[in-house]
Amino acid sequence: MLATPPVDLPRTLGELRASGHEQRGVKTEIRANLLAALRAGRDPWTGIVGFSATVLPQLERALLAGHDVVLLGERGQGKTRLLRSLIGLLDEWTPVIDGSELGEHPYDPITPGSRRRAAELGDDLPVSWRHRLERYTEKLATPDTAVADLIGDVDPVKVAEGRTLGDPETIHYGLVPRAHRGVVAINELPDLAERIQVALLNVMEERDIQVRGYTLRLPLDVLLVASANPEDYTNRGRIITPLKDRFGAEVRTHYPLEVSDEVALVEQEADLVADVPRQLIEVIARFARLLRESSAVDQGSGVSARFAVAAAETAAAAALRRAALTGERHAYARPIDLESVPAVLRGKLEFSSGEEGREDDILEHLLRRATAETARSWLRGVELTELADAVAAHPVCTGERVPAAQVVAALPAVPALTAVATRFGVAGTEDPGPMASAAELTLEYLFLTRRLAKDEEQDDTVTYR
């Protein structure tokens, strides 16, 4: 629900002039607000993770230059989130002619109807206020998108009312004109048919629109931004050369470069129905990164950041299911819950040709690598020989239906386990979930480094021995 404008804002053109309000174009407005944020040390890109040293400086330069921008990158790199964050660079409230179809500025009406009203009413021209959320327009490009959707078309109802066909007031305006004095975002731009892309040429260069053979000289004030996947240029479609030339800047996005950025992204975006400890989120982050490096996975389509988010949500759901089945009061994710991730999320990946039939083996291998790397980073410097020897003498059983309290009760009372608890920050916790999760990851690490054996039974229990 949109906010209500303050009651003390001017309500007529005369009041607006008296208030000292100055009109400025949308690109000038964004430039001024971005500069103000940078000078104040305020982050204008709330919720954007991993781009601070790479993508954001390029985007900021493009906006300061007043350029239309296309973001180029594989799926799931946060392109849409980045485009939507431009809303925060607009003024919270901006004046428009009350009732105007295109949200025109009271100082500068551009449609025949608004110009006529301005001439008739003068300083009594009514003014209303538009919130920044109403000034961002987003369109997902699809092959069935028509010129009428983006630019406009003749409205037969208006013609039937008695207006002549050449009358500009017979036009029903499309998405781009209605975004006048705002931001237009087109997602997956190459999916637009080439003849539709042609319709945007005049909008971007001459800032006018053409409908049904005659030109309306509407000085549109829009910032046009778009997203595209590099693969789209050759496989699904392409951005026509004249349109690419009209974008002032092309900014390449990327997946998180650091594990910590991927972890922060998952923690920010995942809607978790159970507690998932940071070490398990790190396993998931490393798993996604290994998939992006694997030759067995089609890197042209990418491994979306949504994969890692969905993996964390799946692990949390597995923990919640176990809690319901075993009667645990607190659902807490453990490494055993990660085993459900490959089967559930396999469909989110595209594998390279020649890997048919090996998909499950590839995912299991990479998940084990991610688990080992994460455990090694957390347990570096902890001597685990004593724990391995104790478990070899007294096996520990776990599984997706084994309660955390049962796992903790089966653990040997050795100083090495205390060191593990301290390293994972779970020492002294009354809830058995965190300790069971930390111990399970440690035992899995000992198995992966061939210091313990692991038996998997048909009843889904796992025994480390």
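In this predicted model, arginine 401 touches Arg321, Arg322, Leu325 and Thr326, when residues up to four places away in sequence are not counted. Arginine 401 itself belongs to the loop between β12 (396-399) and α18 (404-410). With a relative accessible area of 52%, arginine 401 is exposed, the cut-off for that class being over 50%. Its C-alpha atom also lies 9.2 Å from that of aspartate 459, a residue 58 positions away in sequence.

One of the contacts of arginine 401, Arg322, leads on to another loop residue. Alanine 333 is in contact with Arg322 as well, and further with Asp275, Val276, Pro277, Leu280, Ala315, Ala319 and Ser437, leaving aside neighbours within four places in sequence. The loop that holds alanine 333 runs between α14 and α15. In contrast to the exposed arginine 401, alanine 333 counts as buried, at 0% relative accessibility. The chain also brings alanine 274 to this place: the C-alpha atoms of alanine 333 and alanine 274 are separated by 6.9 Å, although these positions lie 59 residues apart along the chain as their sequence separation.

The helices on either side of this loop take part in the largest nonpolar core. That core has 40 residues, of which Phe287, Leu291, Phe307, Leu338 and Leu349 touch the most other members. Two or more residues each are given to the core by α12 (259-269), α13 (278-293), α14 (305-326), α15 (341-345) and α16 (359-379). The largest share, 10 residues, comes from α14. Leucine 349 shows how such a member is placed: not counting residues up to four places away in sequence, leucine 349 touches Arg75, Leu291, Val303, Phe307 and Leu363. Two of these contacts, Leu291 and Phe307, are themselves among the residues that touch the most other members of the core.

Apart from this core lies another, of 31 residues, which includes Leu102, Ile110, Val176 and Ile186. Threonine 111 offers a way into its surroundings, as it touches Leu102 along with Glu104, Tyr173 and Leu218, again without residues up to four places away in sequence. The position of threonine 111 is in the loop between β2 (93-97) and α5 (112-121). Its relative accessible area is 8%, so threonine 111 is buried, the limit for that class being under 20%. Valine 26, 85 residues from threonine 111 in sequence, is 18 Å from it in space, C-alpha to C-alpha.

Helix α5 contains arginine 115. This residue touches Pro109 and Ile110, not counting residues up to four places away in sequence, and Ile110 is one of the members of the core of 31 residues. Arginine 115 counts as partly exposed, at 45% relative accessibility. Between arginine 115 and tyrosine 332 there are 64 Å in space, C-alpha to C-alpha, and the two are 217 residues apart in sequence.

Two residues deserve attention for their backbone. Most residues other than glycine have a negative phi. Glutamate 188 has a positive phi near 55° and is not a glycine. Glutamate 188 is found in the loop between β7 (182-187) and α9 (194-198), where it is partly exposed, with a relative accessible area of 22%. Arginine 450, also not a glycine, has a positive phi of about 65°. The loop that carries arginine 450 lies between α20 (432-448) and β13 (454-456), and arginine 450 counts as exposed at 79% relative accessibility.

The overall form can now be described. The protein has 20 helices and 14 strands. Its radius of gyration is 29 Å, well over the 23 Å that the globule rule gives for 465 residues, so the protein is more spread out than a compact globule. The C-alpha trace spans about 95 × 55 × 40 Å along its principal axes. Of the 465 residues, 52% count as buried. Among the contacts with a separation of 6 or more, 75% are made by residues 24 or more positions apart.

The surface and the charges complete the description. The accessible surface of the protein comes to about 21,300 Å², with 48% belonging to carbon and sulfur atoms. The protein carries 54 positive and 72 negative charges, and the mean positions of the two sets are 3 Å apart.

Technical notes:
Residues are numbered from 1 along each chain as its sequence is written. This is a predicted model: local features need pLDDT of at least 70, side-chain atom pairs count only at pLDDT 80 or more; totals for chains, interfaces and linings use all residues. Side-chain values use heavy atoms; hydrogens and water are left out. Helices (H or I, at least four residues) and strands (E, at least two) are DSSP runs, numbered from the N terminus. The radius of gyration is taken over C-alpha atoms; the globule rule is 2.2 Å times the number of residues to the power 0.38. Buried means under 20% relative accessible area, exposed over 50%, partly exposed in between (1.4 Å probe, protein chains only). Contact means heavy atoms within 4.5 Å. Accessible areas come from the Shrake-Rupley method with a 1.4 Å probe; for residues, only the protein chains shown count as cover. Lys and Arg count as positive and Asp and Glu as negative; His and the chain ends are not counted. The place of a charge is taken as NZ of Lys, CZ of Arg, CG of Asp or CD of Glu. A nonpolar core is a set of buried Ala, Val, Leu, Ile, Met, Phe, Trp, Tyr and Cys residues joined through side-chain atoms within 4.5 Å.
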